[in-house]
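Notebook open, model loaded. I want to go through the charged pairs, then some strands, then the pocket.

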Amino acid sequence: MNRKRAHVGLFLALLVVVSSASFVAVTAQQSPATASTDWSSDRADSGRTGSTNDSGPAPYATGDWNTSFDARAESVPAVANGTAYVSVTTDADLPATGRVVAYDTESGEKQWTSEKVGAATGSPAVADGTVYVSTRGTHHDDYEDNGGLYALDAETGEIKWRAKSAPRGDPIVHDGIVYVGSTAYDAETGEKLWYSSKTIIGVVGDTAYAQNGSTVAAMDADNGSVKWSRSMPTTADAHDVDGAVTNEHVFLTIETDGDTQPIYALSADDGSVDWKRSVPREGNEHENLISAPAVNDGAVYVTTRGDEGTVYALAADTGDEQWTYETPANHLSAPSVGNETVYVGGRYFSKLEDTGDTVRPAVPAVYALDANDGEERWNYSVREAGSLVAYSPAVADGRAYVTVREWNGIYSDESQLYALESSDEKPSHNHQVAEDKPEEPQVTIETSPKDAENRTFEKNQIVVLRANASTAENDEIVRYEWDIDGDGEYEKSGKQIEVSTDACGEQTITVRVVDDDRLTGEDSVTLTRR
């Protein structure tokens, strides 16, 4: 069964302190940009913390509803007020096209589709009854007719306004302003308010934070004036930067070509480095991904990708490692956090039992981990989706909304959206990720009197049958079922039963046990009557 490998309190040797002298005292609670139960944009809120006050499926997950697209869903849906909004684009057949689709979160029923926008370049964002989506035109229309930033009515999908020649990216909406790329727009009218040479990574309070690979800056959210600017604390081999912002810190994860991937916490007050940690690079030169950070309740969560995936939890105020968790699935997107649970999506390659060779295709997989200690709560494999990848779950309304699509959309525009809901039962084996061949439960029948199979009974004698079962660690037997007359139907239940020898000749009795992975084991005993 699944090997649970949460390492709590282990400080990896490769996690190094670079600027311990610059540590500052801050509160352990890292306040997100907003306190919401919606997942209103790509990383949940305007600080792009990837966290929410809402809960996902518990204690286990099961499929609720799903839908397929003949296009590529861009990142995760935005979920607000009982509606999930998905932006999609097609590239396989030029000219590229796109649309935004709205679904009822309870039923999965399509509410509306807007096909008057261009090819989406990121997830939508929702605020105050409006859906914002960044799109691009194509060479077919000279990149003009459809591209830009669109504002759509959240109830109908009708276009409210369009800002042409807008930057591409995932919109951030905060206090009446839409930020996309390096530009700020009035959320009501689409009027351009200000422009920066840096990409905006998060907005908290009256400050927008941005970076351009060489500098990090804090700017007035209303007019773009610079409050402070710092050189980017990284090396020349850095080639991708992601961030999340709280009231206290600007957190940065930086992909490099080196053996480790750095994580920085900058003071939100002046940009000084409060701490730095590095996590090991996993995989080969083509697999050096460290995810964007997720921040919640005093902790920072990141994932790395190799043949397997690793989730790291670090203290937000010091960078000290709290726990790590390794999974057989590799993670291709950032973690999400909701109500003390960390969710990660990825793909899992099964392996041949004898050789250990990887077997394709992969299957999408989602993990839910306890945010306090990294223990696995559940995993769910979306096998119906085929050879696709599960991206960062959006957590809202007690569900996890998971986009699955082909990695980077290189070969296929196919994608799907799955809504996972709560279940009291573990997913079936076909919907779990298991590192090893599943261990079926074992059962034997104990009789009273002893050695009943070697005896011959008189009519109407009572024989007591007791099932002694065992199963894999962390699993449990949930049902004992007995077939008394050998007809394949299970007439009795319970760990122990009594049978009467009222049938002439031989009577075969079979017990079947079922564990919480829905795996079964059987044993039989034959009684003989004169």
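**Entry 1: salt bridges**

I started with Asp320 and Arg277, whose side chains meet in a salt bridge with an N to O distance of 3.1 Å. This is a predicted model, so I treat every value here as computed. I looked up where the two partners sit: Asp320 is in the loop between β28 (309-315) and β29 (321-327), Arg277 is in strand β25 (residues 273-280), and so the pair ties together parts 43 residues apart in sequence. Buried or exposed? I checked each side chain's residue in turn. Arg277 is buried, at 2% relative accessible area, whereas Asp320 is partly exposed at 38%.

Next I took Asp370 and Arg377, which form a salt bridge with their closest N and O atoms 2.9 Å apart. Here the acid is the buried partner: Asp370 has a relative accessible area of 15%. Arg377 comes out as partly exposed, at 33%.

Then I went to Glu481 and Arg512, where the side chains meet in a salt bridge at 2.7 Å, N to O. Glu481 belongs to strand β42 (residues 477-483) and Arg512 to strand β45 (residues 505-515), so this pair ties together parts that are 31 residues apart in sequence. Glu481 counts as buried at 14% relative accessibility, and Arg512 is partly exposed at 24%. I also found a network: Asp64, Glu106 and Arg399 are joined by salt bridges that share partners.

How many salt bridges does a search of the whole structure find? I get nine.

**Entry 2: around β11**

I picked strand β11 (residues 130-136) and asked how enclosed it is. Six of its seven residues are buried, so the rest of the structure largely encloses it.

I then listed its pairings. Strand β9 (residues 119-120) pairs with β11 in the antiparallel sense over two bridges, and Ala119 stands opposite Arg136 there. Strand β10 (residues 125-127) runs antiparallel to β11, joined by three bridges, with Ala125 opposite Tyr132. The hairpin of β10 and β11 has two residues between the strands, and I noted that Asp128 takes a positive phi near 50 degrees in it. With strand β12 (residues 148-153), β11 shares six bridges, again antiparallel. I marked Thr135 opposite Gly148 in that pairing.

**Entry 3: a three-stranded sheet**

I traced an open sheet of three strands in the order β39-β41-β44, with antiparallel pairing. Which strands are at the edges? They are β39 (442-448) and β44 (496-500), each pairing on one side only. From one strand to the next, the twist averages 25 degrees. I looked closer at strand β41 (residues 462-470), which pairs with β44 over five bridges in the antiparallel sense. Leu465 has Ile497 in β44 as its bridge partner.

**Entry 4: the largest pocket**

Last, I turned to the largest pocket, which holds about 1,000 Å³ of space. It is lined by 39 residues, and the closest to its centre are Asp42, Arg48, Ser75, Asp170 and Asp242. I sorted the lining by type and got 15 nonpolar, twelve polar and twelve charged residues.

Which strand gives the largest share of the lining? β22 does, with four residues. I noted that β15 (177-180), β18 (199-204) and β22 (238-245) each supply at least two lining residues.

Notes. Residues are numbered from 1 along each chain as its sequence is written. This is a predicted model: local features need pLDDT of at least 70, side-chain atom pairs count only at pLDDT 80 or more; totals for chains, interfaces and linings use all residues. Side-chain values use heavy atoms; hydrogens and water are left out. On a 1 Å grid over the protein atoms alone, a cavity is a set of points where a 1.4 Å probe fits but cannot get out, and a pocket is an open set with protein on both sides within 12 Å along at least five of seven lines; lining residues have an atom within 4 Å of a point. Grid points are joined across faces, edges and corners, and a volume is the space filled by probe spheres set on the points. Ala, Val, Leu, Ile, Met, Phe, Trp, Tyr, Cys and Pro count as nonpolar, Asp, Glu, Lys and Arg as charged, and the others, Gly among them, as polar. Buried means under 20% relative accessible area, exposed over 50%, partly exposed in between (1.4 Å probe, protein chains only). Two strands pair if DSSP finds at least two bridges between them. Axes are lines fitted to C-alpha atoms, for helices over the stretch in contact, and angles run from 0 to 180 degrees between N-to-C directions. A salt bridge is a side-chain nitrogen of Lys or Arg within 4 Å of a carboxyl oxygen of Asp or Glu.
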